[in-house]
Amino acid sequence: MNGTVVAGTNNIFTVECEDGIVRQCSIKGKKLSTEVDYYNPLAPGDNVVVEGDENTQTEGQITSLIKRKNEFVRWNVKGRKPQLLAANLDYIIIVTTPDEPPFRPRFVDRALAQADAQGIEPVILCNKCDLPASREASFENRLADWERMGYKIMRISAKSGEGLQELAEFLEDKLCAFVGQSGVGKSSLVNVLDSTCVLKTGSLSKKYGRGNHTTTKGTLFHLTLNESLMGGRSGAVANIIDTPGVRRFVLHEIDSSDLALYFRDFKPFLGKCTYGMSCTHTHENGCAVLAALDEGKISEERYESWQRICDEIDGGTWAD
């Protein structure tokens, strides 16, 4: 029978099977036949074929993986392998904050590039928008910059309720994953979208202004959206994959020479340089990207972000 992976740890996966039974499943033969050697072979959202256990209805074995529509991956530095975060998504929701934890625009830029490289439409969700930003002008400029590139920006406060109706209506009948640093409030958003869902949430570390890891594994939740957010309409549903907080989002299979392809503001100028696609966009005369930077068509902040991420890729060292 077919099933959908809800969560997994230590190579035991929770699978919702088409017969309505949730089974704890191992992988038959201990290894799936896949082209890529992932840190974790399956992720929430994956569709699989399951063989039920003859002796119990609560266990089974995964015999094969059904071809994915897409997958969202990061490079796991410790494991030295690509790590699957979610699969078969309609959208990737990149959650950030103006403060608490501090605004990290380069984290967002990396996640945007990875999403575009994997053909998944990203949405930037600014939670805690009721809080003042420590660098208000920089924060607002970056949001406006991303919006000009065509990215959808949503301003939300899980605490005050601002923007939650728009978010709930957007998520209805979709499969989305929340991705962000620890402490940005991904689990809190799940809690307020569905009043019956209570996930563990944590306070920020006072010493570092960072979040404690309260979500330790990615999990797919089927939310019954709060009626108060749906104009009194009952029965509206959304499917959300709540991923663990990521402090360092390391790109997977994007070379520094290709990174500009996944910076939407760079893309209109690529191939128009004097040296064509061989241009490094750093010093060459006749570089269309540098000309766009001088003319304000590419912001200095985004260009600096692109440079620093290129340096991280080439140097193999990644900042938070």
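## Close-up views of a predicted model

**View 1. Strands β1 and β4 meet in a barrel.** Strand β1 (residues 2-9) and strand β4 (residues 47-52) run antiparallel and are joined by three bridges. To find your way in, look for Asn-2, which stands opposite Val-49 in β4. Now widen the view: five strands close into a barrel, in the order β1-β2-β3-β5-β4, and their pairing is mixed. From one strand to the next, the twist averages 50°. Please keep in mind, here and in each view below, that this is a predicted model.

**View 2. Strands β6 and β7 form a hairpin.** Between β6 and β7 there are four residues, and Arg-80 in the turn has a positive phi of about 55°. Strand β6 (residues 71-76) runs antiparallel to β7, with six bridges joining the two. One pair to pick out is Glu-71 with its bridge partner in β7, Ala-87.

**View 3. Six strands make an open sheet.** Following the sheet across, you meet the strands in the order β10-β9-β8-β11-β15-β14, with mixed pairing. At the edges are β10 (152-155) and β14 (219-224), each of which pairs on one side only. The twist averages 30° from one strand to the next. Within the sheet, strand β8 (residues 91-96) runs parallel to strand β11 (residues 175-180), and five bridges join them. Val-95 is a handy place to start, as its bridge partner in β11 is Gly-180. Helix α3 (residues 164-171) packs on the sheet, where it touches β8, β9 (122-126), β10, β11 and β15 (237-242). The direction of α3 makes about 135° with that of β10.

**View 4. Helix α3 meets helix α4.** Two packed helices are described by the angle between their axes and the distance between the axes. Here the axes of α3 and helix α4 (residues 186-193) cross at roughly 85° and come within 11 Å. The two helices, α3 and α4, are therefore roughly perpendicular to each other. From α3, look for Leu-164, Leu-167, Ala-168 and Leu-171, which meet Leu-189, Val-192 and Leu-193 in α4. Sorted by class, this contact has seven nonpolar residues, no polar ones and no charged ones.

**View 5. Ser-157 sits in a loop.** The loop in question lies between β10 and α3. Is Ser-157 buried or exposed? With 1% relative accessibility, Ser-157 counts as buried. Setting aside neighbours within four places in sequence, Ser-157 is in contact with Asn-127, Lys-128, Cys-129, Asp-130, Glu-162 and Leu-164. You may recognise Leu-164 from the previous view, where it is one of the α3 residues that meet α4.

**View 6. Nonpolar residues gather in cores.** In soluble globular proteins, nonpolar side chains tend to be buried together. The largest nonpolar core in this model has 39 residues. Which of them touch the most other members? They are Phe-72, Leu-89 and Leu-259. Elements giving two or more residues to this core are β7 (81-87), α1 (105-117), β11, α5 (288-294) and α6 (300-315). Take a closer look at Leu-259: beyond its neighbours within four places in sequence, this residue is in contact with Ala-113, Leu-251, Ile-254, Trp-306, Ile-309 and Cys-310. Another core, of 26 residues, lies apart from the largest one and includes Met-154, Phe-221, Leu-223 and Ala-236.

Methods: Residues are numbered from 1 along each chain as its sequence is written. This is a predicted model: local features need pLDDT of at least 70, side-chain atom pairs count only at pLDDT 80 or more; totals for chains, interfaces and linings use all residues. Side-chain values use heavy atoms; hydrogens and water are left out. Two strands pair if DSSP finds at least two bridges between them. Axes are lines fitted to C-alpha atoms, for helices over the stretch in contact, and angles run from 0 to 180 degrees between N-to-C directions. Contact means heavy atoms within 4.5 Å. Angles under 35 degrees count as roughly parallel, over 145 as roughly antiparallel, 65 to 115 as roughly perpendicular and the rest as oblique. Ala, Val, Leu, Ile, Met, Phe, Trp, Tyr, Cys and Pro count as nonpolar, Asp, Glu, Lys and Arg as charged, and the others, Gly among them, as polar. A nonpolar core is a set of buried Ala, Val, Leu, Ile, Met, Phe, Trp, Tyr and Cys residues joined through side-chain atoms within 4.5 Å. Buried means under 20% relative accessible area, exposed over 50%, partly exposed in between (1.4 Å probe, protein chains only).
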